[in-house]
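Q: Could you take me on a close look at the part of this model around the ligand? I would like to see how that part sits within the rest of the chain.

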Amino acid sequence: MPQTSPADAPQTTRTARETKPRAKSGKTPIIQVRNLEKTYTTARGALTLFSKLSLDVQTGEMVAIVGQSGAGKSTLLHILGALDAPTAGTVTCASVNVALLSQQEAAAFRNREIGYVWQFHYLLPEFTALENVAMPLLARGVNKREALATAANWLREVDLEDRGGHRPGELSGGEQQRVALARALVNNPRLLLADEPTGDLDEATASRVFDLIERLHTSHGLTSIIVTHNMDLAARSTRILRLEAGRLASGRLAAPVYTPQTGPRAGKI
Ligand code: ADP
């Protein structure tokens, strides 16, 4: 059997357990936002969601963003992840000024650096779980055999190795979201951006999916930003930020989210 030296080995794919080099300390801001403004032009005039918004996120943080519906949380997440452009201001994300990227550059940046998870899984219904997870690898030209092998590793990471042949319609809501997580991380990004990732799940399933997000966050040295309405889950992040009236304020739980006396409750911040 021919021997393959490490130098000859394919360089395009990493296994699920391998990670990019990460900053050792939490001192390097991986996200720096300065004077961010987002104004939509609507039929009823200009709608400014925020102006002069600034934010630093350190490597390795898990930040929860909370706030009322319509406050602009999803818009902010989209801008951080180069899915939407700000009206003004700078966004440096993983050393890239994302506001200056062309559409093509933004797509390459997202594929390389960012894993997205949404409230709805957006898995392709006609493909199996394994094929769905392999999709981002195939999109960047990894050969099919390698892509499927890496995807299988990721299904193992989310405890779904026995569901690879199932189509999304044959999976539970929690399983679908775990497949979506594997797909989000299969390219080994540095950032995980999640928009209400447990919003469509019952309480127990939401908690288990959040457990998995925490586990992957730690084991893969991710920096994660999670938009959520669920204060119990937000309280498990390393920092809570509340977006309100165009400003990001540090959130502090006004009362313990859980005490044996009160049981689980939605903490107010
Ligand atoms: P959140 O995630 O906090 O619920 P969003 O970021 O989704 O808030 O939306 C914030 C506000 O911006 C909402 O009032 C929404 O209607 C408005 N909005 C979002 N996208 C657009 C758009 N493309 N054009 C005009 N208004 C928009």
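A: Here is a walk from the whole chain to the shell around the ligand, and then on to two single residues.

Keep in mind from the start that this is a predicted model. The protein chain has seven helices and twelve strands, and 40% of its 269 residues count as buried. If you take the contacts with a separation of 6 or more, 70% of them join residues 24 or more positions apart.

Now to the ligand. The residues around it are Tyr40, Thr42, Leu47, Leu49, Gly67, Ser69, Gly70, Ala71, Gly72, Lys73, Ser74 and Thr75. Which elements supply at least two residues each to this shell? They are strand E1, strand E2 (45–58) and helix H1 (73–80). H1 gives the most, with three residues. Sorted by class, the shell has four nonpolar, seven polar and one charged residues.

One of the shell residues, Ser74, leads us to Asp195, because Asp195 touches Ser74 along with Leu77, Trp118, Gln119 and Val227, leaving out residues up to four places away in sequence. Asp195 is found in strand E7 (residues 191–195). Is Asp195 buried or exposed? Asp195 has 20 C-beta neighbours inside 10 Å, so it counts as buried; the cut-off for that label is 20 or more. You can also see the chain folding back here: Asp195 and His78 are 117 residues apart in sequence, yet their C-alpha atoms are 9.3 Å apart in space.

Strand E1 (residues 29–42) offers a second stop, Arg34. With 13 C-beta neighbours inside 10 Å, Arg34 counts as partly exposed. Leaving aside neighbours within four places in sequence, Arg34 is in contact with Ser54, Gly89 and Thr90. Arg34 and Ala88 are 54 residues apart in sequence and 9.3 Å apart in space, from C-alpha to C-alpha.

Finally, how confident is the predictor? The mean pLDDT of the protein chain is 85, and 83% of its residues reach 70 or more. Over residues 1–26, though, the pLDDT is below 50, and this stretch has 27 contacts in the model beyond near neighbours in sequence. Residues 254–269 also stay under 50, with 23 contacts beyond four places in sequence. Among the elements, helix H4 (residues 144–157) has the highest mean pLDDT, 98, and strand E11 (residues 258–259) the lowest, 38.

Definitions and conventions:
Residues numbered from 1 in each chain as written. Predicted model: local features only at pLDDT ≥ 70, side-chain atom pairs only at ≥ 80, totals over all residues. Helix = DSSP H or I, 4+ residues; strand = E, 2+ residues; numbered from the N terminus. Buried ≥ 20, exposed ≤ 12 C-beta atoms within 10 Å, placed from the backbone. Contact = placed C-beta atoms within 7 Å. pLDDT = per-residue confidence, 0-100. Near = placed C-beta within 6 Å. Nonpolar A, V, L, I, M, F, W, Y, C, P; charged D, E, K, R; others polar.
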